Amino acid sequence: MLQTLKGIVLRSRDYGESHQIVQVFSEQRGKISFLARGSKKPKSRFRAVTEPFVEGQFICFVGSGMPNLSQGDILNSHRLISTDLMKSCYGAYWFELIDRLFPEDEPNPGFYRFFQQMLTRLENEKNHEILTVMFELRIMEASGYRPVFHQCVHCQSKNSPYRFSASLGGFLCGECWEIDPEALQISDGVERILPLLQSVRIDRLGRINVKAETEEQLRKAIDQFMDTHLGIEFKARKMINQLKD
């Protein structure tokens, strides 16, 4: 049976001397892998369409084992990402999040469309870190982890200033700070931008300009939240931090 998939290549790994196993995040089936026979050969018709960051249309033969790629057409190469070291590192981190948090063959067309828009934004946006916080919040939510940013996570008070509690999963008002002595003190800017990044549509997000100290606090808050609830070390995130130092 032939199946047509629209998807974004996350990675390709060698299989034998001339083949590759290609992992894509698809609109129809979510994360899926297929075999691209002969794709490592210099003149292979699959060579370009199996590169990371490529958004393509893939026709696969689906049988009892792993699907086999029969035809592939590039819809968007996202070359501005793949040819830029820092952009490609951030993109690789997003891919790693999808790989680690989403199971195989579980469709999520809404997140797929968000992912498409985010890659286009990554090509043209200079502040990769703020985009990444937005991506992290959305994929954590899709995986069942949504921090509370619109009120106190303990008493539901809407009175700021807040602190951020990674262990409790959201903001704490002044009356509840003592519940979590480890709660992170945050600025007014962080209080405003976290709910925005969690809920705003990507096509409604304007040009991103934040203070360095605000970006640093955002990064610290999200790192604490992800470390607390996931406990996963991401290789691409480590590489980004090394490049920034």
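**Close-up 1. Arginine charges over aromatic rings.** The charged end of Arg 237 sits over the ring of Tyr 93, 5.5 Å from its centre. For a charge to count as sitting over a ring, NZ of Lys or CZ of Arg must be within 6 Å of the ring centre and within 35 degrees of the ring normal. Arg 163 offers another case, with its charged end over the ring of Trp 177, 4.0 Å from the centre. A word on the model itself: it is predicted, with local features needing pLDDT of at least 70 and side-chain atom pairs counting only at pLDDT 80 or more, while totals for chains, interfaces and linings use all residues. Residues are numbered from 1 along each chain as its sequence is written, and side-chain values use heavy atoms, with hydrogens and water left out.

**Close-up 2. An edge-to-face pair between two helices.** The structure holds 18 aromatic pairs, and here we zoom in on Phe 95 and Phe 115, which meet edge-to-face at 5.9 Å centre to centre with 85° between the planes. Rings of Phe, Tyr and Trp (its six-membered ring) pair if their centres lie within 6.5 Å; planes under 30 degrees apart count as stacked, over 60 as edge-to-face and the rest as tilted. Phe 95 belongs to helix α2 (residues 85-101) and Phe 115 to helix α3 (residues 109-124), so the pair ties together parts that are 20 residues apart in sequence. Helices are DSSP runs (H or I, at least four residues), numbered from the N terminus. Phe 95 is buried at a relative accessible area of 5%, and Phe 115 is buried at 0%; buried means under 20% relative accessible area, with a 1.4 Å probe and protein chains only.

**Close-up 3. A tilted pair within helix α3.** Phe 111 and Phe 114 form a tilted aromatic pair, 5.5 Å centre to centre with 55° between the planes. Both lie in helix α3, 3 residues apart, or about one turn of the helix. Phe 111 is buried at 5% relative accessibility, and Phe 114 is buried at 8%.

**Close-up 4. The ring cluster.** Pull back a little, and ring pairs link Phe 25, Phe 53, Trp 94, Phe 95, Phe 102, Phe 111, Tyr 112, Phe 114, Phe 115 and Phe 135 into a cluster.

**Close-up 5. Ile 202 in its loop.** Ile 202 is found in the loop between α5 (188-199) and α6 (212-229), and is buried with a relative accessible area of 7%. Leaving aside neighbours within four places in sequence, Ile 202 is in contact (heavy atoms within 4.5 Å) with Gln 117, Met 118, Arg 121, Leu 131 and Met 134. Arg 121 is 81 residues from Ile 202 in sequence, yet the two are 8.5 Å apart in space, C-alpha to C-alpha.

Notes. Helices (H or I, at least four residues) and strands (E, at least two) are DSSP runs, numbered from the N terminus. Buried means under 20% relative accessible area, exposed over 50%, partly exposed in between (1.4 Å probe, protein chains only).
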